[in-house]
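Please examine the following structure with attention to one loop, the sheet beside it in the sequence, and one pocket. The paragraphs below lead through these topics in turn.

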Amino acid sequence: AYYTVNGLKMSNYLVPHYYEIDPLAVPEIQSMGIEFIGTHMPFGSVFGSTWLSCGPYRLNPNFTRSSSIALPAYYSDYYPGNNSLFNIVTEIRDDDGYEWTPVGNDINNSIAQGVRQLTRAISSMVLPTLFTHEFHYDMGSSDFRTILEGITSAISKYKPEYTSMDYAAKYIRERNKIEINEVSINDNLVNITYSGANDLDTKCYLFTEALDGQISYRFVLLPKITGTGIVGVSK
């Protein structure tokens with residue numbers, strides 16, 4: 001009702017407090033248009049209980065840890081048993097505490113921590129996200145802008161694309177719906193064969209090693225598809 005009265009668009013991404021979601025709330029969440037969630041535990045569990053067995057990395061149900069453990073976590077997969085709720089969340093967790101903690105009177109450390117966390121996510125090829133709580137914003141807008149500008153400048157070499165969380169979550173979901181089946185080289189043309197069904201253009205990395213051993217990369221556009229497709233790019 002609050003969103004309706006104030007003419008605001010509701011996000012379709014939900015991260016509940018302490019990641020806790022009661023199973024009885026799931027139908028109502030979905031009726032509100034929520035397609036994406038961020039959680040570390042099974043529905044009905046409390047924070048600190050056994051972590052969620054969910055892709056891409058925590059797929060072994062026999063290898064369990066606490067959902068509150070100070071280890072980096074990345075989920076990007078449908079919630080087990082629910083093919084309409086996609087679980088997507090990135091948290092570094094072991095870098096100077098549980099989350100990014102910007103402090104107005106320690107701008108340099110706030111920048112450095114943010115850069116470290118984003119760099120680790122980028123290097124892991126997962127969604128780079130700075131996670132924090134609103135009470136850490138107890139600073140002037142000038143200090144906060146200085147911190148964000150410092151972080152933005154430091155990671156510019158990675159050429160990040162800034163989007164809404166809604167779009168980022170959808171992009172990763174649609175990327176997960178396709179797979180690359182084959183890569184072949186014909187003269188100076190690299191052919192990438194992929195298959196699946198999605199409704200968003202995505203990209204893949206193309207790595208190239210030069211004669212001197214230097215490795216470079218570029219992104220190749222994979223148009224949205226239903227079935228199988230081939231994209232050809234020059235070497």
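Asn 82 belongs to the loop that lies between β3 and β4 in this predicted model. Is this residue buried or exposed? The relative accessibility of Asn 82 is 14%. Residues under 20% are classed as buried, and Asn 82 therefore counts as buried. Its side chain forms a polar contact, at 2.8 Å, with the side chain of Ser 84. When neighbours within four places in sequence are set aside, Asn 82 is in contact with Val 26 and Gln 30.

The two strands joined by this loop are part of a sheet. Which order do the strands follow? The sheet is open and consists of four strands, arranged as β1-β2-β4-β3, with mixed pairing. The edges are occupied by β1 (13-14) and β3 (73-78); each has a single partner strand, so one side of each lacks a neighbour in the sheet. Within the sheet, β2 (residues 36-37) pairs with β4 (residues 86-91) in the parallel sense, over two bridges. Here Phe 36 stands opposite Phe 86 of β4.

A helix accompanies these strands. Helix α5, formed by residues 165-176, lies across β1, β2, β3 and β4 and runs at about 115° to β4.

Attention may now turn to the second largest pocket, which has a volume of about 180 Å³. Its lining comprises 14 residues, of which Tyr 57, Pro 72, Ala 73, Tyr 74 and Glu 91 are the closest to the pocket centre. Which elements give two or more residues to this lining? They are the strands β3 and β4, together with α3 (107-123).

Notes:
Residues are numbered from 1 along each chain as its sequence is written. This is a predicted model: local features need pLDDT of at least 70, side-chain atom pairs count only at pLDDT 80 or more; totals for chains, interfaces and linings use all residues. Side-chain values use heavy atoms; hydrogens and water are left out. Two strands pair if DSSP finds at least two bridges between them. Contact means heavy atoms within 4.5 Å. Axes are lines fitted to C-alpha atoms, for helices over the stretch in contact, and angles run from 0 to 180 degrees between N-to-C directions. Buried means under 20% relative accessible area, exposed over 50%, partly exposed in between (1.4 Å probe, protein chains only). A polar contact is a pair of N or O atoms within 3.5 Å; within protein, one must be able to donate a hydrogen and the other to accept it, and residues adjacent in sequence count only if both atoms are side-chain atoms. On a 1 Å grid over the protein atoms alone, a cavity is a set of points where a 1.4 Å probe fits but cannot get out, and a pocket is an open set with protein on both sides within 12 Å along at least five of seven lines; lining residues have an atom within 4 Å of a point. Grid points are joined across faces, edges and corners, and a volume is the space filled by probe spheres set on the points.
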